[in-house]
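Colleague: I would like to learn how to read a structure feature by feature, with the general idea placed before each case. Could we go through it together?

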Amino acid sequence: MPEPVCATPSSNSGAVGNGNAAEGIIYALAVPANGIPYTNIDWTITGGDIVGGGDNTMFVEVVWGAGPNGTIAVTVTDANGCSAMMTPVNVTIYAAPEASSVMLMACPQFPGSFFADFTLADAEDPDGVQNASGWDVDGDGLPGVSGGVTVSYHLSQFDADNDLNPITDEPFNSNSKTIYVRLESSDGCVQVRAIWLTVKDTPLAPTTEAYTVCADEPLMELPLGEGLTAECYQEGGLLDVLVLSWSYYTYRTADVQAKLATDPRFATVDALHQVVPTLAQLQQYDVVLVFTDDQPPVSLGNVLGAYADAGGAVVDAVFSRLSGGTWGIPGAWQTSGYPLVNLGNQEHAGASGLGTVHLPGHPVMQGVATFIGGWRTTGNVLSLGSYRIADWTGGLPLVVANNGVGPANVRRVYLNFFPPSSDVDGAFGWISSTDGALLMANALVWAAGQNAGGNSCDEITWWDAQYGGNLVGTGEVFDPIEAGEVDPSAAGEYTFWAQCNCPCPSLRTPATFEVIDVILSPLADIGPVCPDGEVGDILLSAQPFDPNIVYSWTGGALAGLPDGNSTGLNPHIPGFTAGGNEGVWTVTVTATLGACTDVTTFDISIDDVNGLHWVNCPADIIVGNDVDECGAYVNWTPPVGIDDCVLPNDVIVTPTVGLQPGSLFSVAGSPHTIEYEAEDGNGGLITCSFTVTVLDTQNPNAVCQDFTVSLDENGEATITAAQVDGGSYDNCDVDLDFAVDFEDIFCEHVGENFVTLTVTDDNGNFDICVATITVVDDIAPTIECPEDITVSNDPGICGAEVEFELPVIDDNCDLPSGGANPVIFNNTGSVQTWMVPPGVTSILVDVLGAEGGGGTDGNGRTTSGGLGGRVQAELSVTPGDVLNLYVGGAGFLGCHSWL
């Protein structure tokens, strides 16, 4: 009979849950008595259900079936029908910690940034800086987390569910995103909820106005209320929208957010899913769209009511008006009269869509042509003051509005359709190819009409730098003198930076505080001027260089200059005709900028004694020569002589010395003197004199010629620059200087050589060219051979060893083979060797054959030996090679018979 089997619980003796027994799980394992695992087993559960594992498995997970506590009995049966029951397990359901989904809002880490530092602990601490609403993750109403509960934060819900990868950064730097909080009690119960991290918008930078004081004012502070000013104004126009949903599924919220985010009228579209925001957080937005498909808490309705009471715009949609007290929005929202229609039942619209449009010109309906499907409620009775804009086909209201509800007289819109589209909710959502998104956006824009204009902010700080720096003041008006930031006696511009903090810091805007010390530039006296003579414009200027300076002048009326004024950058006192009476008049000029002034004077002298003078007497002229000319054609404007009191045509100008403009002036003879005389007809005579100097700045043209030179008997030759010159020339110099870079030629120059010829003129200008000099050695070497030798044969042999002197060779240059003396080999009767020296790659071999020895016959007749031969060859060799040579002996007398 098989061994019985028994079931034993896991080490957990109870289940953990959040008050729902269906979430309390225990574990059972089948262990055979003999230790051999069974494969065919059945499980029987009393008081619960198997949720993991099953028949024929060794291990099951069992969940308690009903009530907060109870007992589960587990029986296991093997294939042979043997059964064993584990000890009944008492199940205790522990209360899970109460985790809340919340939103933390923080200012950007620097203006314009999309990241912020979030103190995550604020979500669990009612006293936290970012948690002014008193969120309390663990529900005990006390700062921090109660003992026995641990809190961790995670980037994903999966990580939070499985206690993986907790966020440890404190503070946590993040953009706007969703993270997840995990609360785990000492009993092992876990609750996970979302936390929305929202980076607040950077407000608009302030507008500023500059301020000016005079340096000569002994100020300790500015008058009350004066100084640099700044104004902060929160942006209007584009709307900040919050989608606030109390829905089962986050994807529904995300779909609505995505549809609205494409509308160009919205600056931001944020979303909160099953989170009760604080009033302060809601007031960060111009308008809120709220919808439900789950039971929202009373706190949600209370904060929405408070938001509307304070002027906030709210558009609500299905199922906020569902009857039965489950999905409708409760609390102050309901009791304050903000709903626009009565509660109704839910129903699917099917193929119904946009029916009668009662107000086609209403802004909510602009551009809306089609709308089909989705869920709606059947409420059909409108609240006092509400009106239909459009209906469903069949008559139920589709869009209801009210122009003024509550103490702030806010606009209200109710959309009687479920906002998620068919893109994510095919059975529930409106058909996404129709105009549901536009209808929602139009409703939000119209409801937010009273919030779209922006509002002012007086939270202003002043800094001494655009970034970082020191805080130097606060408020809309800043006095940098009182703050000790400006010396009022030191002229200059001082820049300070204003920053809005509504509620986050904005970018900073510069404001200039200027200490002005107006300094009017001195004016030269005018005259003497001929009576009734013309006086040109008089330039005015002052510091600072400011177009707002007003210039005025007085005192010159009798001299022909009427009193007047002008403004702008460097204006002029207009030209005028001098008076007819001689004399001197003083004109006073005043420069005024705000309350700051400066004064200067100049004299106008009218006198008929101003003599003849030149308008333009040319200065000395120095030019270079024209190309290929030993000179230059020089032009100038002839001088003009005038007499202030004589008509211009009465002054005669005559050239008296030198050439006329446009003439050719030579290099030689420079400088050339030019003179003019001017005569006014009244005996006045003046002279204008200047010089014209022409410099030779052109290089000569060097021309080379190639030639051949032969070495003499000493292996030497000399070349001269004249031999290299092939006709060099210059624009001025006919006696050029020539030089070559070398003159002496030796045997090593045999072949082609490059010689540089430098040609220089008398003015130091030079040019070079290169010639090819071919050096030849055309003197043949000489050789002196020994005298002919006649000897008798050596005893016993038909021949003789002969000693002779080597031939004497001479040449003006070294012989071939690299300039070394020849190596001569004579007959030794044996092989001789010769090693190729370093650096030698070819040798010239000259082989001479001796004459034959001749002979006699028995009749005493003699014959001469044959003539010797000669062979010459150039051989390629390698340094270090060893050459073997065998030199034969001379011919000797032979004995033979004639036939």
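Colleague: Which side chains meet Arg265 and Asp263 in a salt bridge, and how should I read such a pair?

Modeller: Side chains of opposite charge can pair when their charged atoms come close. In this model, which is a predicted one, the side chains of Arg265 and Asp263 meet each other in a salt bridge, with 2.9 Å from N to O.

Colleague: Is Arg265 buried or exposed, or does it fall in between?

Modeller: Arg265 has a relative accessibility of 28% and therefore counts as partly exposed, whereas Asp263, at 12%, counts as buried because the cut-off for that class is under 20%. Salt bridges can also share partners, and in that way Asp163, Arg182 and Glu184 are joined into one network.

Colleague: How many salt bridges does a search of the whole structure find?

Modeller: The search finds ten. One of them is formed by the side chains of Asp293 and Arg252, at 2.7 Å from N to O. This pair links distant parts of the chain, since Asp293 sits in the loop between β20 (287–292) and α4 (298–309) while Arg252 belongs to helix α2 (residues 250–261), 41 residues apart.

Colleague: With which other side chain does Arg252 meet in a salt bridge?

Modeller: The side chain of Arg252 also meets that of Asp425, with 2.4 Å from N to O. Here again distant parts of the chain are linked, from Arg252 in helix α2 to Asp425 in the loop between β27 (410–415) and α6 (436–447), 173 residues apart. Arg252 has a relative accessible area of 5% and so is buried, and Asp425, with 6%, is buried too. Asp293 is likewise buried.

Colleague: Let us turn to cysteines. How many disulfides does the structure hold?

Modeller: A disulfide is a covalent bond between the sulfur atoms of two cysteines. The structure holds seven of them, including the one formed by Cys232 and Cys500, whose sulfur atoms are 1.7 Å apart. The torsion about its S-S bond is -100°, and the link of Cys232 and Cys500 is left-handed. The two cysteines come from distant parts of the chain, Cys232 in strand β17 (residues 228–233) and Cys500 in strand β32 (residues 492–501), 268 residues apart. Both Cys232 and Cys500 are buried.

Colleague: Which hand does the link of Cys630 and Cys732 have?

Modeller: With 115° about the S-S bond, the link of Cys630 and Cys732 is right-handed, and the sulfur atoms of this disulfide are 2.0 Å apart. The pair links distant parts of the chain, with Cys630 in the loop between β46 (621–624) and β47 (631–634) and Cys732 in the loop between α7 (721–724) and β55 (737–740), 102 residues apart. Cys630 counts as partly exposed at 29% relative accessibility, and Cys732 is partly exposed with a relative accessible area of 24%.

Colleague: Why is the disulfide of Cys704 and Cys769 described as right-handed or left-handed?

Modeller: The torsion about the S-S bond of Cys704 and Cys769 is about 85°, so this disulfide is right-handed. The sulfur atoms of Cys704 and Cys769 lie 1.8 Å apart. Cys704, at 22% relative accessibility, counts as partly exposed, while Cys769, with a relative accessible area of 12%, is buried.

Colleague: I would also like to read the backbone. Which peptide bonds are cis?

Modeller: Most residues other than glycine have a negative phi, and most peptide bonds are trans. A cis peptide bond joins Glu170 and Pro171, with omega about 0°, and Pro171 has its place in the loop between α1 (157–161) and β12 (172–174). The peptide bond from Gln543 to Pro544 is also cis, with omega near 5°, and Pro544 is placed in the loop between β38 (542–543) and β39 (550–554).

Colleague: What is the phi of Asp163, and where does this residue lie?

Modeller: Phi of Asp163 is near 55°, a positive value in a residue other than glycine, and Asp163 lies in the loop between α1 and β12. Its relative accessible area of 40% makes Asp163 partly exposed. Asn570 likewise has a positive phi, near 50°, and is found in the loop between β40 (564–567) and β41 (572–573). At 31% relative accessibility, Asn570 counts as partly exposed.

Terms used
Residues are numbered from 1 along each chain as its sequence is written. This is a predicted model: local features need pLDDT of at least 70, side-chain atom pairs count only at pLDDT 80 or more; totals for chains, interfaces and linings use all residues. Side-chain values use heavy atoms; hydrogens and water are left out. A salt bridge is a side-chain nitrogen of Lys or Arg within 4 Å of a carboxyl oxygen of Asp or Glu. Helices (H or I, at least four residues) and strands (E, at least two) are DSSP runs, numbered from the N terminus. Buried means under 20% relative accessible area, exposed over 50%, partly exposed in between (1.4 Å probe, protein chains only). A disulfide is a pair of cysteine sulfur atoms within 2.5 Å.
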